[in-house]
Structures are given as C-alpha cells and as structure tokens.
Amino acid sequence: MVEKLNPQLSADGEMAVPDVEIITSGGLRIPAHSHILASASPVLEGMIERPQKHRSSQGNIPVPGVPCDAVSVFIQFLYSSKCSEEQMEKYGIHLLALSHVYLVPQLKQRCTRELAGRLTTENVLDVLQLARLCDAPDLYLKCMKMLSCNFKAVEQTEGWKFLQNHDPWLELEILQFIDEAEMRKKRTRRNREEQKMYLQLSEAMECLEHICTEGCTSVGPYDIDPSKNKGPCSKFSTCRGLQLLIKHFAACKKRVNGGCLRCKRMWQLFQLHSSICDKPEECRVPLCRQFKLKVQQNKRGDDARWRLLVRKVISAKTISSLSLPKRKREERPRIAQMKIYLEYMDTCPK
Ligand SMILES: [Zn+2]
Ligand SMILES: [Zn+2]
Ligand SMILES: [Zn+2]
C-alpha cells in the first residue's frame, strides 16, 4: 500500500518511514505518516496525540465501518488531495461519511458535489439519509428536489419500502416536502395566470381608448371617418372583437337591463375604463364621465373587490413593462385575448 502513496521525504532527502498504521474493519493495515494525517484531519490529529482517549494503541489508528478500499482512497486523498472519478463513483457515499467524521472539508465538498450529480431514483434515498447524518444541507435539498420530481419511480423501489417500515419520520419529512413543493408550484402558476389576465384587461383598456379616440376599421368617434382605416388593426389584436362588441352594445334591443350578457360585458369594460381614466374631462370613451359621477354620488357602488381589480389592472401594465425586455414586449402574442378577458368579466362584480 505504501508505494501507492506519495513518497514522503524527510529534511535530508531520505524517504520518511511510516510511523503509524491505519486499520480497517476488514483487517487491512495501511502504513502512513502521522504528521500527514494530523495536518489533514484534526480528528486524526487528536487520535495520534491522545491514543488512549480514542481507544487506539500507539501507532494504530482504527478507521472502522466502511470497506477497506474506501479507507485506502480516503488516506490517499489525505496525502494528495486527489481521488479519481472512478473512485468517487464507487466510494462517494463512504468518502462523504469519512470526510464528515474526520473533518476533512475539502473532501466533503467534493463528495457533496459529485453525489448530487450522480443521483438516481435507486440511490437517492441512501444519499438523502447520509446527507442528513453528515450535515450536508445542499445535498439534502438536491435529494429532496430529485425525490419530489421523480416520486412515482422512487415509490416503486425497495429502498422506499424499507424506509416506510423503518423510518416513518423521514417518510413524513419527504411527503411534507413534496406537498409544499406542489403548493409552491400551484401558487406560482396561479399568480402567473392572474397576472396574464390583468394584463389582458389592461390592454383591452388601451384598445378601448384607441377605438374611441382615433377610431379604427369600423368604429370610431363621430368626427373621424373610420373607413379610411382599411384592413385589420395594426395596434391591437383585440381591436376587431372589441369593435364588434361596441357595435353590438349600440344596437342591442335587450340591453343590460334585459339581461344581455354581451352588453353587460361591454358595460363592465366601460366602467373599468372610467375607474382607471385620469382625464375624464377630455376623454372620448362613452359613459366615462357618467361612471365617475355615479361613483362620486354613490360610494356604495365602489366596492372593495372592484377597487382591487382596478388596482391590479393598472399595476399589471407596469409590472409587465418592467419585467419584459423591449423586443419581447412587442412580440407578445395577442391571439384570443378578447375571448379570455370577456370570460373573466363574467366573474367581476356587477
Ligand atoms: Zn384598432
Ligand atoms: Zn346586448
Ligand atoms: Zn375616460
């Protein structure tokens, strides 16, 4: 074994003679130099300096509990700070345990990194338990994430069945983590969808102002000739749908009071505009001033849910213009937005 280790030269150039032996549980004796071991591991240093306290006799250092070859690789690392990929693959788990017990942070870091990169559904539970024992939080988290992403497969392994029978606390810990991860995912998805919806409403508001101020293909203010705009609207994909809705609103016999859903939606869009509009004096959107007046006269119409909706529609625009790079902002697909926001309006307060 000794020839595998780096030759240790003493001050006069002679090869120093090994002065201690590492003894493994398999009975392998590995000759080594006490000053090298002591400088690489404070725990080994203690064992060398105070052998009685550690129940090791003079010159013998027991390293029990792991395969002999893993101990050899460990000692090799203490000498050279190196171990091969192959050794890491074979003994990574043992080396992590040894690096933790003998306080060799450099090796511990390497093991943590390597083990995290080699996680499989078969070994993840073993590595998780070891990460817990060896106080390796990064590795622990990687294992938990791997587990929650591949739980269906892990559930089928012998390891999981064993763990269920022998460590219900860890089972609970894992299930809780998966549960929380699911909740986090759902929450993010819901927030993203909500944000999209408010943004669509905010764009509908812009489109409404565009139609009512400059006019578009078939609807516009009375003093602007809409017929000069040929072809589909170049500004908003929602424009055509919104123009159809305005036309319907103007011509419908049933109206809001008669229970027409399309009219109700249009009514709500006008109301939403009025809640957002900051220039009612010069505004050309129908009903803008009427709604403002109504709110001033009757505070009850201005309920909390509606105020929240208005706030979110306003902030959606700001958030999206801050979070999207300019090109993306322009390329954002606008297909079918009309339909989506119209559906949403159904859930809004009347
Ligand atoms: Zn348009
Ligand atoms: Zn109608
Ligand atoms: Zn207005």
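**Entry 1. Helix H2**

I began with the exposed side of H2, where Pro42 and Glu49 are exposed. The model is a predicted one, and I read each entry below with that in mind. I then listed the buried residues of helix H2, which spans residues 42-49, and found Leu44, Met47 and Ile48. These three cover an arc of only 100° around the axis, which places them on the same side of H2. Pro42 and Glu49 lie on the other side. I next looked up what covers the buried residues of H2: the cover includes strand E1 (20-24), helix H1 (34-40) and strand E3 (60-63).

**Entry 2. The sheet**

Since E1 and E3 appear in that cover, I turned to the strands. Three strands form an open sheet, in the order E2-E1-E3, and the pairing is mixed. E3 and strand E2 (29-32) stand at the edges with a single partner strand each, so one side of each has no neighbour in the sheet. On average, neighbouring strands of this sheet are turned by 25° against each other, direction ignored.

I checked the two pairings separately. E1 and E2 run in the antiparallel sense and share four bridges. E1 and E3 pair in the parallel sense, over four bridges. E1 and E2 also form a hairpin, with four residues between them. In the turn of the hairpin I noted glycine 27, which has a positive phi of about 90°.

**Entry 3. Bridge partners along E1**

Which residue of E2 is the bridge partner of isoleucine 22? I found isoleucine 30 in that position. Isoleucine 23 stands opposite arginine 29 in E2, and its bridge partner in E3 is proline 62. Glutamate 21 has asparagine 60 as its bridge partner in E3.

**Entry 4. Faces of E1 and E2**

In a regular strand the side chains alternate between the two faces of the sheet. I looked for this pattern in E1 and found that its side chains alternate. Val20, Ile22 and Thr24 point to one face and are buried. Glu21 and Ile23 point to the other face and are not buried. In E2, Ile30 and Ala32 make up a covered face, whereas Arg29 and Pro31 make up an uncovered one. The bridge between isoleucine 22 and isoleucine 30 thus joins a residue from the buried set of E1 to one from the covered face of E2.

**Entry 5. Backbone angles in two loops**

Most residues other than glycine have a negative phi. I therefore recorded two residues with positive values. Serine 81 has a positive phi of about 60° although it is not a glycine. Serine 81 sits in the loop between helix H3 (68-80) and helix H4 (85-101). Is serine 81 buried or exposed? Serine 81 has 12 other C-beta atoms within 10 Å and is therefore exposed, the limit for that class being 12 or fewer.

Leucine 103 has a positive phi near 55° and is likewise a residue other than glycine. I located leucine 103 in the loop between H4 and H5. Leucine 103 is partly exposed, with 15 other C-beta atoms within 10 Å.

**Entry 6. Glycine 117**

I followed the chain into helix H5 (residues 105-117), which contains glycine 117. Glycine 117 counts as exposed, because 10 other C-beta atoms lie within 10 Å. I also looked up its separation from leucine 139, which is 22 residues away along the chain. The C-alpha atoms of the two residues are 9.6 Å apart.

**Entry 7. Packing of H10 and H11**

At what angle do helix H10 (residues 168-213) and helix H11 (residues 239-251) pack? I noted an angle of about 65°, with the axes 10 Å apart. Their crossing is right-handed. On the H10 side the contact involves Ala204, Cys207, Leu208 and Ile211. These meet Cys239, Leu242, Gln243 and Ile246 in H11. I sorted the residues of this contact by type and obtained seven nonpolar, one polar and no charged.

**Entry 8. The chain as a whole**

I closed with the totals. The protein chain has 16 helices and three strands. Of its 350 residues, 28% count as buried. Among contacts with a separation of 6 or more, 56% are between residues 24 or more positions apart.

Technical notes: Residues are numbered from 1 along each chain as its sequence is written. Chains are lettered from A and ligands numbered from 1 in the order in which they are written. This is a predicted model: local features need pLDDT of at least 70, side-chain atom pairs count only at pLDDT 80 or more; totals for chains, interfaces and linings use all residues. Axes are lines fitted to C-alpha atoms, for helices over the stretch in contact, and angles run from 0 to 180 degrees between N-to-C directions. A crossing is left-handed if the near helix is turned anticlockwise from the far one by less than a right angle, and right-handed if clockwise. Two residues are in contact if their C-beta atoms, placed from the backbone, lie within 7 Å. Ala, Val, Leu, Ile, Met, Phe, Trp, Tyr, Cys and Pro count as nonpolar, Asp, Glu, Lys and Arg as charged, and the others, Gly among them, as polar. A residue is buried if 20 or more other C-beta atoms lie within 10 Å of its own, exposed if 12 or fewer, and partly exposed in between; C-beta atoms are placed from the backbone. The arc is that of the directions from the helix axis to the C-beta atoms. Two strands pair if DSSP finds at least two bridges between them.
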